[in-house]
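User: Please take a close look at the disulfides in this model, and follow the surroundings of the cysteines as far as the structure allows. A careful, connected account would suit me better than a list.

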Amino acid sequence: MKNLHFLISLFSCFLSLVFSFSPSQSHLPKQYCLDDQRSSLLQLQHDLYYAPKFTFTSKFELWDPNTDCCSWEGVTCDDAIGHVIGLDLSYKNLSGTFHSIFDLHHLQRLNLAGNNFNTTLLSYGFNELQNLTHLNLSSSCFHGQIPMEISYLTRLVSLNLSYQGDCYWRNGDDYDLSTLRLEKPSFKTLIKNLRFLRELHLDGVDISTHSAKWCETTSLVLSDLQVLSLSNCGLKGPLCPSLSKLGFLSKLILDGNPISYLPPNFLKISSHLVSLSLADCSLRGHFPTEILLLPKIQSIDLSYNWGLEGHLPEFPTNSALRSLLLYETNFSGKLPESIGNLKLLRDLTLGGCNLFGSIPSSVANLSHLVNLDLFHNNFRGSIPSSLFTLPSLRILSLVENQLVGKIDEFPNASFSLIEEIHLGNNYLTGTIPKSILQLPRLEVLYIGDNSFSSMKLDMFFQLNNLRGLDLSGISLLIESDNTSLTEFPKLEILVLRSCNLTEFPEFIKTQDKLVELDLSNNHIHGVVPNWLWKSSLSLVDLSFNPIDFPKQLPFGDANFSFPKMFELDLRSCNISAFPEFLRSQENLAFLDLSNNRISGAVPNWVWRKSLRDLNLSNNHLSSLDQLLPNHSSTSLQGSLPIPSCKMSQLWNFDASHNNLSGPIPNCLGNLSALQYLDLHGNNLSGTLPKFSKASRLWFLRVSENRLEGKLPRSLVKCTRLVVLNVGNNMMRDTFPFWLEKLPDLAVLILRENRFYGQIKHLKHKIGFPALDVLDIASNQFSGELSIDFLNATQLRSLKIGGNKLEGKLPTSLANCTELEVLDLGNNMIHDTFPFQLEKLPSLKVLILRGNRFYGSVTKFDTKRGFPKLRILDIASNNFSGDLSIDFLQSLKAMMRMTNDEKAKLDYIGWQNRIARLYYQDSVTIVNKGVEMFYQKVLTILTCLDLSDNSFHGRIPEEIQILMSLRVLNLSHNSFSGEIPAELDNLKDLESLDLSQNKLSGKIPPQLTSLTFLSVLNLSYNQLEGSILQSNQFNTFANDSYWGNPKLCGAPFSRKCNEVGLPMPPPPGEDEEESWLDVMSTWQIALVGYGSGLVAGLCIGYTVLNELGNKWVYKLTNLGKRNRRRTR
């Protein structure tokens, strides 16, 4: 019986199957959605609401309950059965809960991107959606731990949890503090079951806790992966070679992770790529040019990798490249003519590189080019007019190059699609071509900071769509009675910086749509008129104008509406108090009041919670907070709330160079949004606060104060720290090896404190992976020098002078291939000359003075030499022997300098972006027993100081090969024989010191051809004959020749027929030289027959102007010690 029932059932199934494929049944009607599916969707609609800016506005009523739910917007159903298999509610500003979604068990695709949920994901049962193949929760303000349940969705093909920070930014909140993170589960646990994943987007998810093996794990588990997007995840590099196992990988996006280096097989990894994005990855070294030539590659973004070098290849005609972004990298060379072969190119962004030469005419072939950005390079020549006729071009940026000449007229301007033209900061001349004024779609025109002829403002009248105009540095003719200005285009952005304006332009009265206004660097004076304050204004820059503000504004006037500004810049406006109108600025985020005369305490009402960037530097402030009645500063530091500590959104705070005293408020270390803190140049005391909650801090400078105690160990929690400068304080601690794990720490300055102990890492492991500058000079470090704990190939500037280090130099210094500055002066190092440093390709400054080096200086590889060494100071050691010709021939960078090198006033370290912005390499050079402090070092300054050693023999005539020398000091040795006449070949020489030797004979008359010579010291030798009396020699005083009894003639009173008169003895140990004499000596240094004195300009500007009285005081106190070092 049971068998019969089974056969009947089987036969029924067979009939059903047959009929299901019969022609009459092949077009069954579409199924409506099932009741349980409808019920879940209606419950979802009930639980959601519209919430832009996280504020409830209305209920979510997108769907009509009286219609089929399979027809509802964003809903996709299975046609055969009626199950909901797809739900797309993206970018609708939704908030609320969505638990009912997890009743839709047949759901395959879920997209909730671009909403405002602002919640965690932990309460949702993602494991209920076992059929899910595509999950997109991006940019919806989710935060906290990613739930383990997502790892159970084993059918997932695409997972997107990225860009939660964008959601917070979109809603005006602190976008980077709340984000998703992967801790439990870890990244490895999340993906280990998702073996079918083809697309993984976790941009902005914090994976840093367990990120060490992310690369190997991805390569092992996700073999089918096609898209990997993990930007800003805190991943630790470098990339692993095993990525090459991902044979289907077509898109690799890892922006914002400190990857640092690419693996040797990166070309193989990239061979199948269509899109590669490694922007802001701290990449260094040379980028493989071949990747730019891969046949499949369409998009490459390497922007913001300042240490990444490379050049552009010759491009083939069959390239698929559509987007090439190398913004702010160290790519160099010329833009090849073959760039015109990239016929599919739409975006060419090469701004901030080191490209040079002319802009190739072949760019005219790029018919699909939409964006051309060559900003901040060294392009020369004229602008090809063909750029303006590119048929698809919308944005053209050639700002900050060396382009010259007039802009030619170009045809067919009325058909152009160009919307933005940026040509500022070049050397363009003439007038603006009429063609530009005929561009129908032009919205932005930035042509400021050139050499254009004066212009009438009404010439821009016909640009109806113009919304942004920058005419900085152009002399404007503004006719106040010109009625046409009332019909001037309604601008949103107006920049008239440095236009020699003497009053506020009245045409602004009619500009009622202005959002950004820049009138800085003019000669505008007097009270700011009320009509300037357009209600639409968000950004105002009035800096560098001696202006004032009315004490009261007509806030009660119905016709007056003061703007709610976002950014206000009032630098150098001669302001003596905080403007009262700031009280009403509740939305102000950026405020700059630096370089004014504001004194006293910062009013409490200045501390708006909206502030993100506050610059109060270079004023006369005494306190950050006004004291409340009957309360002292101590009580404020204690239990009472401090107004300056309420700044929950403050990113950047600069109060440097004021008169602040007392302790640094501890609560500054608790500001979780704080990124940049500069308090240097005050009188702050006490200890540094703990920075345990300032996890985003990347810049901390508290130098030049009176801080004591130890470095707070909580700094190790500031994992984004790039610059730490605590120099010139009274801190006492050992070397902070515990900072070694900070992945981005590039500048560490501890100089002029009381740090002590050995600089030797007991764990024998390499740390400080990104350290570029280490300055620990003038402390109390002792023992042997070791740099084994540093990443030798990364270090660029190492300053350890003025300590108590001894022993030999570490041989590992020869591995510092990026080293430009090495200062070991004034220690007790006992070693021979470090010949191994010859092979350092970038070394520019080497200072060994004041140690115990010994032996001859002869064993040089003259073919290799020091290729870039410009400053060599080995004074005050025990070197001996002849001055060898091999030694002179090794100083290749001192031999000859091109005219281009001379004309380019760069400073050492400025090729490095971090050094250029946050650190200046300084050096101290000794002349005539006086320390000359160069706060910035020009790359054309060349100096050779061999003084106070035991060199002997003749000064070889081959010294003439060092033709770029500016400063030569051979004093306090035992050189004998005549002064070589060949010194006249050193045409750039500004300072020559041959004193305290045994030189004899006459002063060579050829030296009068050294017309740049401004300092000369030939004293205490055995010279004879008449003193030269032409050119520079007419300016030198008696002290240049003392101690040579057989010299005669001016400036001595002794005539040349009088010999043998007694002369003053050499200066003794205890003799003080008047600092007034020193000052007058260096005043002579600024006098010359030629122009462009390097040493004189550096000393005059850097020392006399910048350091002022402090420098004079230093000279007075160090005079005796300095003279001792130069012997």
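Analyst: A residue is called buried here when its relative accessible area is under 20%, exposed when that area is over 50%, and partly exposed in between. By that cut-off cysteine 77 is buried, because its relative accessible area is 9%, and its partner cysteine 70 is buried as well, with a relative accessible area of 8%. The model is a predicted one, and the distances and angles that follow should be read as properties of that prediction.

The count of disulfides in the model comes to five, and three of them can be followed here in some detail. In the link between cysteine 70 and cysteine 77 the sulfur atoms are 2.1 Å apart, and the angle about the S-S bond is -95°, which makes the link left-handed.

The link between cysteine 141 and cysteine 167 has an S to S distance of 1.7 Å and is left-handed too, with -100° about the S-S bond. This pair joins distant parts of the chain, 26 residues apart: cysteine 141 sits in the loop between strand E7 (134-136) and strand E8 (144-145), whereas cysteine 167 belongs to helix H3 (residues 164-170). Both of these cysteines are buried.

The link between cysteine 215 and cysteine 240 shows an S to S distance of 2.0 Å, and with -80° about the S-S bond it is likewise left-handed. Here again distant parts of the chain are tied together, 25 residues apart, with cysteine 215 in helix H5 and cysteine 240 in the loop between E12 and strand E13 (251-253). Cysteine 215 counts as buried because its relative accessible area is 2%, and cysteine 240, at 3%, is buried by the same cut-off. Cysteine 233, with 1% relative accessibility, also counts as buried.

The helix that carries cysteine 215 deserves a closer look. Helix H5 spans residues 214-221 and is mostly covered, with six of its eight residues buried. Beside Cys215, those buried residues are Trp214, Thr217, Thr218, Ser219 and Val221. Among the elements that cover them are helix H4 (187-191) and strand E12 (227-229). Strand E12 thus appears twice in this account, since it helps to cover the buried residues of H5 and also comes before the loop that holds cysteine 240.

From E12 the surroundings lead on to histidine 201, which lies in strand E11 (residues 199-201). Leaving aside neighbours within four places in sequence, histidine 201 is in contact with Val227 and Ser229, and also with Leu159, Asn160, Leu161 and Ser162. The C-alpha atoms of histidine 201 and serine 231 are separated by 8.7 Å, although these positions lie 30 residues apart along the chain. Histidine 201 is itself buried, because its relative accessible area is 17%.

Further along the chain, cysteine 718 is buried, with a relative accessible area of 0%. Asparagine 725, placed in strand E49 (residues 723-725), is buried too, at a relative accessible area of 11%. A polar atom of the side chain of asparagine 725 lies 3.0 Å from the backbone nitrogen of glycine 727. Not counting residues up to four places away in sequence, asparagine 725 touches Leu700, Arg701, Val702, Ser703 and Ile749.

Definitions and conventions
Residues numbered from 1 in each chain as written. Predicted model: local features only at pLDDT ≥ 70, side-chain atom pairs only at ≥ 80, totals over all residues. Heavy atoms only, no water. Buried < 20%, exposed > 50% of the residue type's maximum accessible area, 1.4 Å probe, protein only. Helix = DSSP H or I, 4+ residues; strand = E, 2+ residues; numbered from the N terminus. Contact = heavy atoms within 4.5 Å. Polar contact = N/O pair within 3.5 Å; in protein donor to acceptor, adjacent residues only side chain to side chain. Disulfide = S-S within 2.5 Å.
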